[in-house]
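This report walks through a few sheets, a hairpin and the nonpolar interior of one protein chain. Please keep the structure in view while reading, and look up each element as it is named.

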Amino acid sequence: MRPHLALFFLFSLPAFAAELVTSDVCIYGGTSGGVIAAVESARLGKKTVLIESTQRLGGMSSGGLGMTDNGSTETIGGLSREFYQRVYQFYRKPENWRFQKREDYLGWLPKIWGVDGPRMEEIQAQFLFEPRAAKAVFDDMVREAGVQVVLGERLDLKNGVQKEGAKIKSIRMESGREFAATVFIDASYEGDLMAKAAVRYIVGREANAQYAETLNGTFPFTPAPFPKISPYVLAGDPSSGLLPRVEAKPPAPKGSADHRVQAYNFRVCLTDVEENRVPVEKPASYNPLDYELLARHIASMKNVKPGPRKHAAVGLRGNGGDLGINFELVPNRKTDSNCGSEFGTDMFGASYGWPEGDHATRDRLFQLHKNYTLGLLWFLGHDERLPIEVRNEMLRWGLPKDEFADTGHFPHQIYVREARRMISDYVITEHDAKGGPHAEDGVALASYPLDSHGVTLYVDEAGVLHRERGFFVGGFSAFPISYRSLRPKGAECDNLLVVSCLSCSHAAYGSVRMEPVFMMVGHAAGAAASLAVDQKLAVQSVPYAALRERLLAEKQILEGKAKAASQPAAAVPPNEQSLGDVKTLVDMKIIDAGDYWTAHARKGQSCDGAQVAVLLVKMAQRFDASVQDRDAALKVLMKRKVLASEAYWSERATAGRTCGGDNVRAIMRNFVRLASK
């Protein structure tokens with residue numbers, strides 16, 4: 001570490017000081033990927049500046065996302081791996097276990113993406129952590145590397161990028177502070193620097209036809225998953241108007257391009273340790289109608305009560321799944337609480353304006369999401385339509401006193417799951433994930449399933465409520481991320497690299513967008529920037545052989561045969577019997593169309609749990625017309641020997657979960673055989 005650089009850690013002048021800060025490498029966006037890019041650049045001897053718009057480094061990794069979406073841990077290398085190893089060492093210190101014993105937590109920990117307590121000890125890397133732990137590790141890494149960190153500065157979105165030809169000369173913040181560098185890296189979740197540098201990008205979803213994909217474009221959910229939940233303010237009365245965030249008409253036909261982005265939310269950190277708990281207060285803007293769909297959803301469930309849930313401290317559950325939020329457990333009796341159900345913390349429709357929004361627009365949308373989330377927690381603890389056992393359990397939980405002290409104990413970072421995506425010489429698509437051909441200039445690996453959250457709530461022509469669904473498709477080998485997807489086309493900008501908003505289709509971004517991958521991409525960007533500075537090259541001219549050699553020397557993993565964790569083996573094409581079964585189900589009007597089931601009900605694929613639940617009900621109605629819900633369907637189908645295990649389908653055939661494609665194919669075969677007799 002160079003001592004004179006260490007003095008710049010958390011360096012911050014008053015906003016009125018319009019100085020020019022010069023460096024070799026300037027990173028805009030102190031996300032996890034931005035931190036790692038800065039650390040790599042500084043360790044390689046480059047004067048490095050890291051600019052972050054908030055007062056905290058780490059993005060989502062220090063912002064509540066402590067249950068890491070890591071896919072295969074065997075693919076996580078380099079400085080990304082070092083981060084998780086440092087987290088492990090953080091928790092080796094007894095003083096960091098304030099409200100729980102380490103041995104108790106590790107003894108409880110079930111396998112999550114192939115890692116449980118014993119496995120964690122074996123690999124000495126920890127993928128579940130508190131926000132404060134991630135913050136401490138990121139702060140240590142930049143301090144030790146000598147990165148100049150500038151907090152609380154946002155890019156001037158009107159005139160903030162000064163270019164000469166294809167080269168960025170400097171960038172200016174809203175405060176007037178200006179930063180010049182040889183190479184710039186955009187590690188923001190939104191891609192603001194990239195966009196203002198006139199680099200080509202897209203917001204929303206490409207048409208399936210653009211890259212010959214299957215998961216892109218609009219994605220209507222048929223049949224309707226909520227046929228009995230009225231979308232109107234007064235149930236059953238269209239004249240009363242639609243409930244909040246429900247669109248009045250369906251999106252474009254399946255697979256069409258559009259502007260919409262998947263729902264954002266907060267990964268809320270909660271605790272049930274009384275001495276560390278801050279009660280959730282009712283937001284001043286609380287509107288009961290925001291939670292009316294959830295209330296009606298819960299009213300349609302049976303057996304609504306707190307109960308055990310794998311990976312979680314507790315589950316607020318009914319037979320239809322979780323209620324709004326989950327309680328995934330990280331150390332010290334805290335949670336990484338993600339969207340737990342339909343109509344939960346994912347705020348459909350509210351994210352559309354974020355990617356291209358100015359700072360004022362994003363501030364407003366941030367507060368909208370925050371108030372909605374706090375209101376949801378209040379609803380679960382106080383709405384008298386919920387069973388008293390549910391309300392009492394929710395009231396045991398609150399915000400932790402020792403987290404996010406400067407933002408009211410609430411996360412500083414909204415989960416921007418997707419914003420802009422660059423369009424460069426290489427666009428990563430679902431074909432990269434599903435077997436190739438693979439890029440030959442890989443700088444990192446992605447192994448998480450292709451994952452997009454829901455996008456739109458809408459009513460059809462008959463007034464029936466629908467959700468335009470997301471997807472969760474695994475079963476593929478880890479795939480490389482091309483270096484060409486990190487840098488723009490040369491004519492557009494020759495000294496910029498992009499970490500979070502890299503060149504990728506919406507479908508493939510579902511795997512690439514995970515925090516460990518962003519850190520690995522950040523590592524590659526920092527290394528490439530250093531080479532560009534050393535050799536006085538445009539980023540497009542950085543020799544891949546030299547970049548690869550450097551990354552491998554630093555333990556980045558560039559090739560691997562590991563399958564995505566907890567996913568089936570490679571997909572097997574449907575045979576004639578399977579195709580015949582699907583056609584029979586269409587003819588029997590059990591399913592409306594066969595395309596989805598042909599693609600997913602096979603070995604190596606998975607089927608959406610909510611769609612499987614609808615399938616089970618329709619199958620059971622063939623034997624007993626009185627069946628109206630999934631649980632009743634399971635009993636009928638068990639009796640008829642269509643199913644071999646009620647427990648598997650009870651757990652999996654629900655919103656937010658998936659069922660193995662091979663298992664779904666098997667029950668289709670059983671049903672067709674019995675129903676055809």
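## A helix across a sheet

In this predicted model, helix H10, which covers residues 388–395, lies across strands E12 and E13 and runs at about 55 degrees to E12. The two strands that the helix crosses belong to an open sheet of three strands, whose order is E12-E13-E14 and whose pairing is antiparallel.

The edges of this sheet are formed by E12 (305–307) and E14 (321–322), each of which pairs on one side only. How many bridges join E12 to E13? There are three bridges between E12 and E13 (residues 315–318), and the two strands run antiparallel. To find one place where these strands meet, look at Pro-306, whose bridge partner in E13 is Leu-316.

## A sheet with mixed pairing

Another open sheet of three strands follows the order E10-E21-E22, and here the pairing is mixed. Its edge strands are E10 (246–247) and E22 (465–468), both of which pair on one side only.

Between E21, which spans residues 456–459, and E22 the pairing is antiparallel and is made over four bridges. Within this pair of strands, Leu-457 stands opposite Arg-467 in E22.

## A hairpin of two strands

Strand E8 (residues 232–234) pairs with strand E9 (residues 237–242) in the antiparallel sense, over two bridges. One residue to locate here is Leu-234, which has Asp-237 in E9 as its bridge partner.

Which residue in the hairpin of E8 and E9 takes a positive phi? That residue is Gly-236, with a phi near 80 degrees, in a hairpin that has two residues between its strands.

## The nonpolar cores

The largest nonpolar core has 149 residues, and the members that touch the most other members are Phe-83, Phe-379, Ile-481 and Leu-486. Helix H13, made of residues 515–535, gives the most to this core, contributing 13 residues. Apart from this core lies another one, of 32 residues, which includes Ala-613, Val-617, Leu-637 and Met-668.

Leu-486 is a useful residue to follow in detail, and its neighbours within four places in sequence are left aside here. Beyond those neighbours, Leu-486 is in contact with Met-422, Val-443 and Ile-481, with Leu-496, Leu-497, Val-498 and Leu-502, and also with Val-521, Ala-524 and Ala-525.

Technical notes
Residues numbered from 1 in each chain as written. Predicted model: local features only at pLDDT ≥ 70, side-chain atom pairs only at ≥ 80, totals over all residues. Heavy atoms only, no water. Pairing = 2+ DSSP bridges. Contact = heavy atoms within 4.5 Å. Axes fitted to C-alpha atoms, helices over the stretch in contact; angles between N-to-C directions. Core = buried A, V, L, I, M, F, W, Y, C linked by side-chain atoms within 4.5 Å. Buried < 20%, exposed > 50% of the residue type's maximum accessible area, 1.4 Å probe, protein only.
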